[in-house]
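Colleague: Could you take me through this model at the bench level, one point at a time, with the reasoning behind each answer?

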Amino acid sequence: MQLTVVDHPLARARLSRMRDQRTDNAAFRAALRELTQMLVYEATRDLAVAEESITTPVTTTTGYRLAAPPLIVPVLRAGLGMADTAHGMLPESQMGFVGLARNEETFQPEAYMASLPESLVGRHVFVLDPMLATGGSLVHCCTLLTDRGATEITVLCALAAPAGLERLEHSGLPLRVFTASVDEGLDDKAYIVPGLGDAGDRQFGAV
Ligand SMILES: O=P(O)(O)OC[C@H]1O[C@H](OP(=O)(O)OP(=O)(O)O)[C@H](O)[C@@H]1O
Ligand SMILES: O=c1cc[nH]c(=O)[nH]1
Ligand SMILES: [Mg+2]
């Protein structure tokens with residue numbers, strides 16, 4: 001597993017706004033959208049490009065486009081807040097969806113939907129979920145993807161806990177992880193510390 005911490009000053013500023021308990025739902029969503037831009041920008045740095053000839057108003061030159069836009073997969077609910085921004089930056093990408101809700105007593109993810117192409121052979125997949133806590137949700141999601149043949153998965157998250165990163169590492173899944181911070185740890189409710197609370201509730205309200 002490859003880990004990249006995107007600790008650019010602008011990313012830190014957005015993340016700090018998300019952490020602050022005074023930040024309301026709308027401002028939290030705005031900061032997450034802006035942070036997502038930075039995560040996508042970093043995570044797409046090494047994607048293959050195809051060349052094409054283009055004609056400017058002055059002359060002909062070489063243009064570039066992504067050779068194979070990745071499949072984008074937000075993990076509902078919280079990943080929804082990253083989806084539109086990622087899609088805006090990768091407009092040719094297809095989007096799939098995975099719905100998971102962590103049981104807050106057992107901390108196990110409970111799946112309630114998956115809408116994915118049947119085969120992901122040869123497809124690079126970008127998974128969006130702001131929070132990597134115990135890692136149970138992302139292991140579940142990424143296993144759905146490898147079961148369909150994916151061999152290249154990039155995870156974008158705002159925050160990661162060391163325990164979740166360790167779990168992903170030991171899962172053997174073919175992952176690159178981009179996060180804006182590796183936080184201190186988890187509390188007794190498996191919330192990330194210092195964290196930002198429940199990323200779904202912070203965007204959409206408590207359920
Ligand atoms: O690493 P884990 O311990 O599995 O926890 C992380 C998961 O928890 C949050 O979702 P949640 O289950 O709260 O659902 P929600 O997005 O609907 O709020 C978050 O968005 C991750 O999917
Ligand atoms: O801190 C956490 C842990 C899991 N899910 C969240 O939304 N926040
Ligand atoms: Mg939640």
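Colleague: Which residue follows helix 5, and what is the sign of its phi?

Modeller: This is a predicted model, and local features are described only where pLDDT is at least 70. Directly after helix 5, the backbone has a phi near 75°. The residue there is G172, and the sign of its phi is positive.

Colleague: Which residues of helix 5 are buried, and why do they line one face of the helix?

Modeller: The buried residues of helix 5 are G164, L165 and L168. Viewed down the axis of helix 5, these buried residues fall within a limited arc, so they line one face of the helix. As a general point, an α-helix has 3.6 residues a turn, so residues three or four places apart point the same way. The arc in helix 5 is 100°.

Colleague: Which elements cover the buried residues of helix 5?

Modeller: The cover over the buried residues of helix 5 includes both strands and a helix. The helix named there is helix 4, and the strands named are strand 1, strand 8, strand 9 and strand 10.

Colleague: In which sense do strand 9 and strand 10 pair, and what is the handedness of the crossover between them?

Modeller: Strand 9 (residues 152-160) and strand 10 pair over seven bridges in the parallel sense, and A160 stands opposite V182 in strand 10. From strand 9 the chain passes through helix 5 (residues 162-171) to reach strand 10, as a β-α-β crossover. The handedness of that crossover is right-handed.

Colleague: How many bridges join strand 1 to strand 10, and which residue of strand 10 stands opposite Q2?

Modeller: Strand 1 (residues 2-5) and strand 10 run parallel, and four bridges join them. The residue of strand 10 that stands opposite Q2 is R176.

Colleague: Why is strand 10 described as largely enclosed by the rest of the structure?

Modeller: Strand 10 covers residues 175-182, which makes eight residues to consider. Strand 10 is largely enclosed by the rest of the structure because the number of its eight residues that are buried is six.

Colleague: Is V98 buried or exposed, and with which residues is it in contact beyond its sequence neighbours?

Modeller: V98 has its place in strand 5. The cut-off for a buried residue is 20 or more other C-beta atoms within 10 Å, and V98 has 26 such atoms, so V98 is buried. Leaving aside neighbours within four places in sequence, the contacts of V98 are V73, V75, L76, A114, C141 and L144.

Colleague: What sense does the pairing of strand 5 with strand 6 have, and which residue between them takes a positive phi?

Modeller: Strand 5 and strand 6 (residues 109-115) run antiparallel and are joined by six bridges, with M113 as the bridge partner of G99. The hairpin has six residues between the strands, and one residue in that loop counts as partly exposed because it has 14 C-beta neighbours inside 10 Å. Although it is not a glycine, it has a positive phi of about 65°. That residue is F107.

Colleague: Where does A190 lie, and is A190 buried or partly exposed?

Modeller: A190 lies in the loop between strand 11 (185-186) and strand 12, and its phi is near 60°, a positive value in a residue other than glycine. With 16 C-beta neighbours inside 10 Å, A190 counts as partly exposed.

Colleague: Which residues does the cis peptide bond with omega of about 0° join?

Modeller: Most peptide bonds are trans. One cis bond runs from L76 to R77, with omega near -10°, and R77 lies in the loop between strand 4 (71-76) and helix 3 (80-89). The cis bond with omega of about 0° involves a residue in the loop between strand 12 (192-193) and helix 6, and the residues it joins are V193 and P194.

Colleague: Which element gives the most residues to the shell around ligand 1?

Modeller: Ligand 1 is surrounded by 22 residues, the closest being A78, R102, T134, S137 and G200. Two or more residues come from each of strand 5 (97-102), strand 8 (131-132), helix 4 (136-147) and helix 6 (199-204). By class, the shell holds 12 nonpolar, six polar and four charged residues. The element that gives the most, with three residues, is strand 5.

Colleague: How many residues of the shell around ligand 2 are charged?

Modeller: The residues around ligand 2 are A78, M131, A133, Y191, I192, G195, D198, A199 and G200. Six of the shell are nonpolar and two are polar, and the number that is charged is one.

Notes. Residues are numbered from 1 along each chain as its sequence is written. Chains are lettered from A and ligands numbered from 1 in the order in which they are written. This is a predicted model: local features need pLDDT of at least 70, side-chain atom pairs count only at pLDDT 80 or more; totals for chains, interfaces and linings use all residues. A residue is near a molecule or strand if its C-beta atom, placed from the backbone, lies within 6 Å of it. Ala, Val, Leu, Ile, Met, Phe, Trp, Tyr, Cys and Pro count as nonpolar, Asp, Glu, Lys and Arg as charged, and the others, Gly among them, as polar. A residue is buried if 20 or more other C-beta atoms lie within 10 Å of its own, exposed if 12 or fewer, and partly exposed in between; C-beta atoms are placed from the backbone. Two strands pair if DSSP finds at least two bridges between them. A crossover is right-handed if, with the strands pointing away from the viewer, the path from the first strand over the helix to the second runs clockwise. The arc is that of the directions from the helix axis to the C-beta atoms. Two residues are in contact if their C-beta atoms, placed from the backbone, lie within 7 Å.
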